[in-house]
Amino acid sequence: MTTQTEIIQNIDTAKIVADMLKQVNAEYVLDTTYGVGRFYKFFRPKFLVGIDPHIYPNSIYIVKPDILIPKTVWGAFKTLKLLGVKFNICVVDPPFRHRPRGKDNRLYYYNLIGTPEDIIRHSFKIAEELKIPYLLLHFNKPYDGTKIRTIKYIYERGFLKIESYFILYKVIPNVKTP
Ligand SMILES: C[S@@+](CC[C@H](N)C(=O)[O-])C[C@H]1O[C@@H](n2cnc3c(N)ncnc32)[C@H](O)[C@@H]1O
C-alpha cells in the first residue's frame, strides 16, 4: 500500500504520536522501547505497558506506564503472553542516532541493545503473534510493511537539520499453516 507522505516541521513529536494514537482509537498501548514516556505527554492512553531493558531514575519519567517490563523486546514475549492484554497498537522508537558526546539530558535515549532493525523486526513479530492490529514506528527511514500513514518529520535549528519518519502500519496477522 502506498501512502502520500505528509511533511511536518519543528513541532513537538509527542503531538504527532498523540494524533496517530487518536486516529486508531488507541486505549491499550504496548510500547516496546518505552524510554521515559515522552511520547505520551499530550495523550495518555487508558492502559500503557512499556518494555525497556533500561530503567531510569523516577524523576526523569515524563509519563509513567501502568506496567514496565525491564527486558529487551525479544526477552519480553512470555511476560506479555501472561498479561493477556488485548492491545490496540504497538509503538516502537528504537535508538537510531549516534550517541552524542558530553552532557545531553537525553543520553539515555541512545542505550541500544542489538540493532534498531532487530528491535523493529521483533516488535512486528510481537504485534503479529498477539494480534495487535496497528504498529507505530519512529525511525530514520521507512521500513517495509503495510503503511497507512507516513509523516516525514524535519527538525531544523540553524545549521542543524534532522529528519525522521513516523509511520503507522496495519499489522497483517501471521497466518500459520497447519
Ligand atoms: C529513543 S528511546 C525511546 C524514547 C521514548 N519513545 C520516549 O517517549 O521516551 C529508545 C529506548 O529503547 C531502549 N532500548 C534499547 N535497546 C532495546 C531493546 N533491545 N529492546 C527494547 N528497548 C531497547 C533504550 O533503553 C531507550 O530507552
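The following conversation goes through a predicted model, beginning with its sheet.

Reader: In what order do the strands of the sheet come, and how do they pair?
Author: The model is a predicted one. Its open sheet has eight strands, in the order β1-β7-β8-β6-β5-β2-β3-β4, and the pairing is mixed.

Reader: Which strands stand at the edges?
Author: Those are β1, residues 5-9, and β4, residues 67-69. Each has a single partner strand, so one side of each is left without a neighbour in the sheet.

Reader: And what is the average twist?
Author: From one strand to the next, the twist averages 15°.

Reader: Let us start from β1, then. How many bridges join it to β7?
Author: Five bridges join β1 to β7, and the two strands run parallel. Within this pair, I8 stands opposite Y153 in β7.

Reader: How do β7 and β8 run, parallel or antiparallel?
Author: They run antiparallel and are joined by eleven bridges. In this pairing, E156 stands opposite K161 of β8.

Reader: What lies between those two strands?
Author: β7 and β8 form a hairpin with two residues between them. In the turn, G158 has a positive phi of about 60°.

Reader: Which way does β8 pair with β6?
Author: The pairing of β6 and β8 is antiparallel, over six bridges. L136 has L168 of β8 opposite.

Reader: And on to β5: how many bridges join it to β6?
Author: Four bridges join β5 to β6, and these strands run parallel. V92 has L137 in β6 as its bridge partner.

Reader: What about β2 and β3?
Author: β2, residues 28-31, and β3, residues 47-51, run parallel and are joined by four bridges. One of the partnerships places D31 with G50 in β3.

Reader: Turning to the helices, which strands does α1 lie across?
Author: Helix α1, residues 13-23, lies across β1, β2, β5, β6, β7 and β8. Relative to β7, the helix runs at about 165°.

Reader: Now the interior. Which residues touch the most other members of the largest nonpolar core?
Author: That core has 36 residues, and V29, I89, C90, I132, Y134, L135 and L136 touch the most other members. At least two residues each come from α1, β2, β3, β5, α3, β6 and β8. Helix α3 gives the most to this core, with five residues.

Reader: Why would such residues gather there?
Author: In soluble globular proteins, nonpolar side chains tend to be buried together.

Reader: Let me follow up on I89. What does it touch?
Author: Setting aside residues up to four places away in sequence, I89 touches L21, V24, A26, V29, I132, Y134, L135 and L136.

Reader: How many residues of β6 are buried?
Author: Five of the six residues in β6 are buried, and the strand is mostly covered.

Reader: A change of topic: which residues come nearest to the ligand?
Author: There are 23 residues around the ligand, of which T33, G35, R38, F39 and D93 come nearest. The shell holds twelve nonpolar, eight polar and three charged residues.

Reader: Finally, where is N174, and is it buried or exposed?
Author: N174 is in the segment after β8. It counts as exposed because it has 11 C-beta neighbours inside 10 Å.

Reader: Which residues does N174 contact?
Author: Apart from neighbours within four places in sequence, N174 is in contact with E128 and E129.

Reader: And how far apart are N174 and D19?
Author: The two are 155 residues apart in sequence, and their C-alpha atoms are 27 Å apart in space.

Terms used. Residues numbered from 1 in each chain as written. Predicted model: local features only at pLDDT ≥ 70, side-chain atom pairs only at ≥ 80, totals over all residues. Pairing = 2+ DSSP bridges. Axes fitted to C-alpha atoms, helices over the stretch in contact; angles between N-to-C directions. Contact = placed C-beta atoms within 7 Å. Near = placed C-beta within 6 Å. Nonpolar A, V, L, I, M, F, W, Y, C, P; charged D, E, K, R; others polar. Core = buried A, V, L, I, M, F, W, Y, C linked by C-beta atoms within 7 Å. Buried ≥ 20, exposed ≤ 12 C-beta atoms within 10 Å, placed from the backbone.
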